[in-house]
Amino acid sequence: MARQTRQQRRQRRAQAAGVPPRRPPTRPVERDEAPEPRQPPRRPAREEPRAGVPGVRFVQEAVAELKKVEWPNQHAVVSGTAVVLVACLIVGVYLWSNDELWRYVVQHVLLR
């Protein structure tokens, strides 16, 4: 059985309640103008399959994108690496000291 549309459900509920079904609103039509037919919604156009071997095309497009990348110079790489190492050192010291503090609390305060 096909699913009912919203309009069909509304009409069924209206009939069950004893209310005459509503008609969808229409815009007034001029005397010389014919009503416009309803157009079904348009689907986006599908891309046509491209010719060629898919793997080769992927590699070509990847190389083309990598040529657009602005690569860092040696100074930027060294300074970025130094920032990461210092940040890791700071976080490591913080976690180690926090671990030592809670170990002391658990051993000497909670387990006594």
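The legends below describe close-up views of a predicted model.

Local features are given for pLDDT of at least 70 and side-chain atom pairs for pLDDT 80 or more, whereas totals for chains, interfaces and linings use all residues. Residues are numbered from 1 along each chain as its sequence is written, and side-chain values use heavy atoms, without hydrogens and water.

**View 1. The whole chain has 3 helices and 0 strands.** Helices (H or I, at least four residues) and strands (E, at least two) are DSSP runs, numbered from the N terminus. Of the 112 residues, 1% count as buried (under 20% relative accessible area; exposed is over 50%, and partly exposed lies in between, with a 1.4 Å probe and protein chains only). The mean pLDDT, the predictor's confidence in each residue from 0 to 100, is 84 for the chain. Among the elements, H1 has the lowest mean (84) and helix H3 (residues 74-110) the highest (97).

**View 2. A patch of positive charge includes Arg 12 of helix H1 (residues 6-17).** Arg 6, Arg 10, Arg 12 and Arg 13 gather here on the surface. Patches are made of residues with over 30% relative accessible area and no salt bridge, with like charges joined within 9 Å and nonpolar side chains (Val, Leu, Ile, Met, Phe, Trp, Tyr) within 5 Å. Lys and Arg count as positive and Asp and Glu as negative, while His and the chain ends are not counted. The place of a charge is NZ of Lys, CZ of Arg, CG of Asp or CD of Glu. Arg 12 is partly exposed because its relative accessibility is 44%.

**View 3. Two salt bridges lie in helix H2 (residues 54-68).** A salt bridge is a side-chain nitrogen of Lys or Arg within 4 Å of a carboxyl oxygen of Asp or Glu. In the pair Glu 61 and Arg 57, the closest N and O atoms are 3.4 Å apart; in Lys 68 and Glu 65, they are 3.2 Å apart. Lys 68 counts as exposed, at 63% relative accessibility, and Glu 65 as partly exposed, at 47%.

**View 4. Arg 103 and Glu 100 form a salt bridge in helix H3.** The N to O distance is 2.4 Å. The two residues are 3 apart in the helix, so about one helical turn separates them.

**View 5. A nonpolar surface patch includes Leu 110 of helix H3.** Val 106, Val 109, Leu 110 and Leu 111 together have about 400 Å² of accessible area, computed by the Shrake-Rupley method with a 1.4 Å probe, where for residues only the protein chains shown count as cover. Leu 110 is exposed because its relative accessibility is 60%.
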